[in-house]
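Student: I should like to learn how to read the features of a protein model. Could we go through one together, step by step?

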Amino acid sequence: MKKIAVLGYGVVGSGVVELFYKNKAKIEKNTGSELDVKYILDLREFPGDPYADKVVNDINIILNDPEVGYVAECMGGVNPAFQFVSSCLKAGKSVSTSNKQLVAEKGDILLQIAKENDCNFFFEASVGGAIPIIRPLHTCLAGNDISAAAGILNGTTNFILEKMFCDKMGFDEALKLAQELGFAERDPSADVDGADACRKVCILASLIFGKHVYPESVYTKGIRDITLQDVELAQNFGGAVKLIGCTKKLDDGRILSTVMPMVVPNDSLISHVNGVFNAVMVWGDGFDKTMFYGRGAGKLPTASAVLGDIIDCVKAEHTVMSHEWVNTNSTDFVAGIDAFEAPRFYRTNSFDAAVFENAAKAANVTLEQTAENGCIISSCDNASSDAFVKALEEAGAEVLAQIPVMSD
Ligand code: HSE
C-alpha cells in the first residue's frame, strides 16, 4: 500500500482528504495501487474530525517514514513550505502543491531538486483551481510554439467586478460581500491588488517560455481604482472590466507579463466569465487559440487538482514527468511595461466628440468609439497614449481613468 501525507489541514488540505476518501475506490482503480492518507501535518488539533488520528505536528515523522511516497502541500506561503517541500523531494517523495506563491518564487529550485531525486513536483492546483491548464500546456499542447496566455486568474476580483457590472454595486460594497461569502481573504490585498494573479502569471510564463519569470518581473496593477462609472462606460462601449493576467512573447523575443484591469469586449468569451470562475486563453501556432474555463478557487475544486497530481505521481513512480524551467540569473529576456501596446479606454469629465477627434489627430492615434464621457482609441504604445492624454488636457478635458482594452 502506498501512503500519502497532506501538509496543512485548512480549506484545501481538508478538501484533499475529503475528496480522496469519497473517491478512494475509483482512485485506486485508476492508479492500480492501494492508497491511503497516513498523515496530516498541522500545528492545530482537530477534535471530533474523522481523520483527527492522522494529525501530526512534526514534519520529520513524514520525512522519516519510508511508506510515505506522496505529499500534498496545501499550507500556503513560502516559509516553512519551501523547507518542507525541499526536504520531501530530497527524501524521494513526490509532491503536489496548490501553493502558487511557492511555485512562483521557488519553482525553478524545487523542479531541479525533484529531478535530482528521481521524483515529481506537480502544481496543477496553483493556477486556475480545478481547471486543467498546467498539464495541457506541458503535454497536449506541447507540440506547439505557444506565443501567449491570458485570462482571468483570480476569482475574488472577478466576483467583485461582476457585482459592479451586473448589480451596480460600488467597489467597497462588492468587496464586503465577497468577504461575507468567504471568497476574499480577511486581508484581501493579495486578491484586489493583483499579487495572487501575478503569481499565477509567473507560473504560466515560466512553464510556457521555459525560464523562471519572478513576480518582480510582472507589471501588476489591481482593481482598487476601478469605479462604477468606469464599469458603466465600458458597458456602454460593449465591454466588461476584468482583471486580466497575461504573458506573451513580443516580436523581439522578450517576454512581457502583466496583471491589470482591462476592458474586455463582449465578443470575447473572457468577458462572459463571471463570479469566482477563471478562464485562460492560450495562443499557439498549431492550434490557434483555445480556452480553459472552470472554478478557479474553493475547497473541492482546488482539491480536485491536487488529487489529480497525486494520481499522476503514483502512476509515474520512478519516472520524472515534472515540467521544467531554468533560472537564467538574468532578466534580459523580460520586457518592461514600456513595451506594452493595446487599444485604450479613457473616461473623462464630459466632452464632445470634436475634442476627442482633435486630440487623436494631435497624438496620431485612431479614435474607435466615443461617448460624451469617454472614448476608445486603437492599439498604441504608452508614449502615444500619454500624448493623447496631454492633448485632451490641453483642450480642458480631465482624464479620470484610463484602462487598456484586451484584444484576442
Ligand atoms: N484568492 C484566490 C482567488 C484563491 O480568489 O482566486 C485561488 O487562488
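Tutor: Certainly. Let us begin with a helix: α4, residues 81–90, is mostly covered, with seven of its 10 residues buried. Please keep in mind throughout that this is a predicted model.

Student: Which residues of α4 are buried?

Tutor: The buried residues in α4 are Ala-81, Phe-82, Phe-84, Val-85, Ser-86, Cys-88 and Leu-89. One of them, Phe-82, has Lys-106 over the face of its ring, at 5.0 Å from the ring centre. Just after α4, Gly-92 takes a positive phi of about 80 degrees.

Student: How should I read a nonpolar core, and which residues have the most contacts inside the largest one?

Tutor: In soluble globular proteins, nonpolar side chains tend to be buried together. Here the largest nonpolar core has 82 residues, and Phe-121 and Ile-133 have the most contacts inside it. Helix α10, residues 195–209, contributes the largest share of this core, with 10 residues. Apart from this core lies another, of 26 residues, including Cys-74, Phe-122, Val-306 and Leu-307. Arg-135 lies over the face of Phe-122, at 5.2 Å from the ring centre.

Student: What does Ile-133 touch, not counting residues up to four places away in sequence?

Tutor: With those residues left out, Ile-133 touches Glu-124, Val-127, Leu-204, Val-280, Val-282 and Phe-292.

Student: How is a sheet to be read, and what is the order of the strands in the open sheet of six strands?

Tutor: Strands of a sheet pair through backbone hydrogen bonds, either parallel or antiparallel. In this model, the open sheet of six strands has the order β8-β10-β9-β7-β11-β12, and its pairing is mixed. Its edge strands, β8 (219–220) and β12 (288–295), each pair on one side only.

Student: How many bridges join β7 to β9?

Tutor: Four bridges join β7, residues 146–152, to β9, residues 239–249, and these two strands run antiparallel. As an example, the bridge partner of Ala-150 is Cys-246 in β9. Helix α10 packs on the sheet, where it touches β7, β8, β9, β10 (255–265) and β11 (277–284). The direction of α10 makes about 35 degrees with that of β9.

Student: Is Lys-200, in helix α10, buried or exposed?

Tutor: Lys-200 counts as buried because its relative accessibility is 6%, and the cut-off for buried is under 20%. Leaving aside neighbours within four places in sequence, Lys-200 is in contact with Lys-100, Ser-126, Val-127, Leu-153 and Asn-154.

Student: Finally, how does one describe aromatic pairs, and how many does the structure hold?

Tutor: A pair of aromatic rings is described by the distance of the centres and the angle of the planes. The structure holds eight aromatic pairs. In one of them, the rings of Tyr-21 and Tyr-51 have centres 4.8 Å apart and planes at 10 degrees, so this pair is stacked. The pair links distant parts of the chain, 30 residues apart: Tyr-21 is in helix α1 (residues 11–22), and Tyr-51 is in the loop between β2 (35–41) and β3 (55–56). Together with Phe-20, Tyr-21 and Tyr-51 form one aromatic cluster.

Student: Why is the pair of Phe-121 and Phe-123 described as tilted?

Tutor: The ring centres of Phe-121 and Phe-123 are 5.6 Å apart and their planes lie at 50 degrees, so the pair is tilted. Phe-121 counts as buried, at 0% relative accessibility, and Phe-123 counts as buried at 0% relative accessibility. Tyr-21, by contrast, is partly exposed, with a relative accessible area of 22%.

Definitions and conventions
Residues are numbered from 1 along each chain as its sequence is written. This is a predicted model: local features need pLDDT of at least 70, side-chain atom pairs count only at pLDDT 80 or more; totals for chains, interfaces and linings use all residues. Side-chain values use heavy atoms; hydrogens and water are left out. A nonpolar core is a set of buried Ala, Val, Leu, Ile, Met, Phe, Trp, Tyr and Cys residues joined through side-chain atoms within 4.5 Å. Buried means under 20% relative accessible area, exposed over 50%, partly exposed in between (1.4 Å probe, protein chains only). Contact means heavy atoms within 4.5 Å. Two strands pair if DSSP finds at least two bridges between them. Axes are lines fitted to C-alpha atoms, for helices over the stretch in contact, and angles run from 0 to 180 degrees between N-to-C directions. Rings of Phe, Tyr and Trp (its six-membered ring) pair if their centres lie within 6.5 Å; planes under 30 degrees apart count as stacked, over 60 as edge-to-face and the rest as tilted. A charge sits over a ring if NZ of Lys or CZ of Arg is within 6 Å of the ring centre and within 35 degrees of the ring normal.
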